[in-house]
Every structure is written in structure tokens, then in C-alpha cells.
Amino acid sequence: MTLVAVLDYGSGNLHSASRALAATGVDVVLTSDASVALAADGLVVPGVGAFAACMAGLESVGGPAIIRERLASGRPVLGICVGHQALFELGSEHGVETAGVGVLPGVVERLDATRLPHMGWNRVDAADGSLLFDGVAGERFYFVHSYATRSFAAREGVRVTWAEHEGDRFVAAVEAGALSSTQFHPEKSGEAGARLLRNWVAQIR
């Protein structure tokens, strides 16, 4: 049976993410143990709240090293919401800059919009050839955030999915080899989110 570890570092919709993943037919373990997180077939890094607090939590359980080690050996990682944001190089919130895990290029910054947080259902512009969005490219997904990465330098073999809020374009998802991440919450996105999680699980089986 495929085992997916959900990294418990004090942040994120841990239980809702775990239930949504279990519904795909995999075994799910909620853990802060580095050895378990490294050995699992897939690792999910959820997250809610502020970037700096998320990074502090990740550091407390060795999360950045776990993520980098898994990716170096081609073992799948899925980041969700602030867990997605933490994968970038830098977070800038309220005038405070915090280093991220740095496995993706870019800065997480406040959206240029009058209505924040960006909360609700949005369509995304799925990347050509996306495996995550197979069968759900035209569907809506559930977002809750005020910050995002608004520019991304093109990289060979990296698929970037975009979305907009009040005309401000931002990264909604990234697929880069063993690394996948979404700014939205697939576990709160109904059948479209469930299909996306099944698509991710299919890649790690």
C-alpha cells in the first residue's frame, strides 16, 4: 500500500488534508518524525497563516532539509497553500523578509488587490501537459490567501499554472519533477480537488 506522510509542524489543515488523501486509497500518517517523512512514498506539506511562522514551524521539525533530501532523490513532495509558498526563495510580509526553503525561484508577496484575502472559488489557467490538472483543467478551486508569487522565471521541464484575483496574476500551482504545489486548497475544492489529489497519488504509486 502506498504511504503518504503529512508533515505535522504546527500549521495547516492537517486533518482535512489527511482525510482527503485517505479518500484516494492510500495509507496516510500524520508525522513530525523526519525518518517517517523521508521514507514515505509521498510527502504533503500543508500550511496556513503567516509565511514567517510557517517557516519557523518547518525549521523546528527539520522540514526544509526533509524536503530538499526527498527532492534530491526524486521522491514526491506536495505543498499546499502556505506550504506551497514556503517552497519559494523568499517571503515578504508586513515589511519582514523571511527566507523560504528555496527549491522554487520567486518571492511571495502581497497581492495587488483591494479585496483581501482572496477567498473563494477561482478558475485557473492550467499549464500545457499538466498531470495534476488532468481532467479538471477548466474547474474551479478554493483559495484563501493574501500573498502569492506573482512572477516565475521559465524553467525547462517546469509547468506553472496561473490564476488571477482582481486582475493580479499569480502562481496557482507548480509541477517540477518530483515537486508539486498548489496555492489553493485541494482538500476544500470538492470533486475537482479530489481528482487533483488522485492525479498526484497516481504519480507516486
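## Two cysteines, no bond

Cys-81 counts as buried, at 2% relative accessibility. Keep in mind as you look around that this is a predicted model. Cys-54 is buried as well, with a relative accessible area of 1%. Could you expect a bond here? A disulfide is a covalent bond between the sulfur atoms of two cysteines. The sulfur of Cys-54 lies 9.0 Å from the closest cysteine sulfur, that of Cys-81, and this is too far for a bond, because a disulfide requires the two sulfur atoms to be within 2.5 Å. Cys-81, for its part, is in no disulfide, and its nearest cysteine sulfur is the one in Cys-54, 9.0 Å away. The structure as a whole holds zero disulfides.

## The seven-stranded sheet

Let us turn to the sheets. One of them is an open sheet of seven strands, with the order 2-1-3-4-13-12-11 and mixed pairing. Its edges are strand 2 and strand 11 (residues 158-165), each of which pairs on one side only. On average, neighbouring strands of this sheet are turned by 25° against each other, direction ignored.

Two helices pack here. Helix 6 touches strand 1, strand 3, strand 4 and strand 13 of the sheet, and its direction makes about 145° with that of strand 3. Helix 4 (residues 63-72) lies across strand 1, strand 3, strand 4 (77-80) and strand 13 (179-182), and runs at about 140° to strand 3.

## Strand 1 and its partners

Strand 1 is a good place to trace the pairing residue by residue. Strand 1 (residues 3-7) and strand 2 (residues 27-31) pair in the parallel sense, over five bridges. Along this pair, Val-4 stands opposite Val-28, Ala-5 has Val-29 as its bridge partner, and Val-6 stands opposite Leu-30. Together with helix 1 (residues 14-22), strand 1 and strand 2 make a right-handed β-α-β unit.

Strand 1 also runs parallel to strand 3 (residues 42-45), joined to it by three bridges. In strand 3, the residue opposite Val-4 is Gly-42. Strand 1 is mostly covered, with four of its five residues buried.

## Val-26, just ahead of strand 2

Where does Val-26 sit? Val-26 is found in the loop between helix 1 and strand 2. At 5% relative accessibility, Val-26 counts as buried. Val-26 and Val-4 are 22 residues apart in sequence, but their C-alpha atoms are 6.8 Å apart in space.

Leaving out residues up to four places away in sequence, Val-26 touches Met-1, Thr-2, Val-4, Leu-21, Val-201 and Arg-205.

## The nonpolar core

Which residues touch the most other members of the largest nonpolar core? They are Leu-7, Leu-43, Leu-58, Phe-133, Phe-141 and Trp-200, out of the 59 residues that this core contains. Helix 6 (residues 190-204) gives the most to the core, with six residues.

Leu-43 is worth a closer look in your viewer. Apart from its neighbours within four places in sequence, Leu-43 is in contact with Ala-5, Leu-7, Ala-37, Ile-66, Ile-67, Arg-70, Pro-76, Val-77, Leu-78 and Trp-200. Two of these partners, Leu-7 and Trp-200, are also among the residues that touch the most other core members.

## The four-stranded sheet

A further open sheet has four strands, in the order 6-5-7-10, again with mixed pairing. Here the edge strands are strand 6 (96-99) and strand 10 (147-149), and each pairs on one side only. From one strand to the next, the twist averages 20°.

Strand 7 (residues 104-110) and strand 10 run antiparallel and are joined by three bridges. Within this pairing, Val-108 has Thr-149 of strand 10 as its bridge partner. Helix 3 (residues 51-60) packs on the sheet, where helix 3 touches strand 5 (88-93), strand 6 and strand 7. The direction of helix 3 makes about 30° with that of strand 6.

Terms used: Residues numbered from 1 in each chain as written. Predicted model: local features only at pLDDT ≥ 70, side-chain atom pairs only at ≥ 80, totals over all residues. Heavy atoms only, no water. Core = buried A, V, L, I, M, F, W, Y, C linked by side-chain atoms within 4.5 Å. Buried < 20%, exposed > 50% of the residue type's maximum accessible area, 1.4 Å probe, protein only. Contact = heavy atoms within 4.5 Å. Pairing = 2+ DSSP bridges. Right-handed = clockwise from strand over helix to strand, strands pointing away. Axes fitted to C-alpha atoms, helices over the stretch in contact; angles between N-to-C directions.
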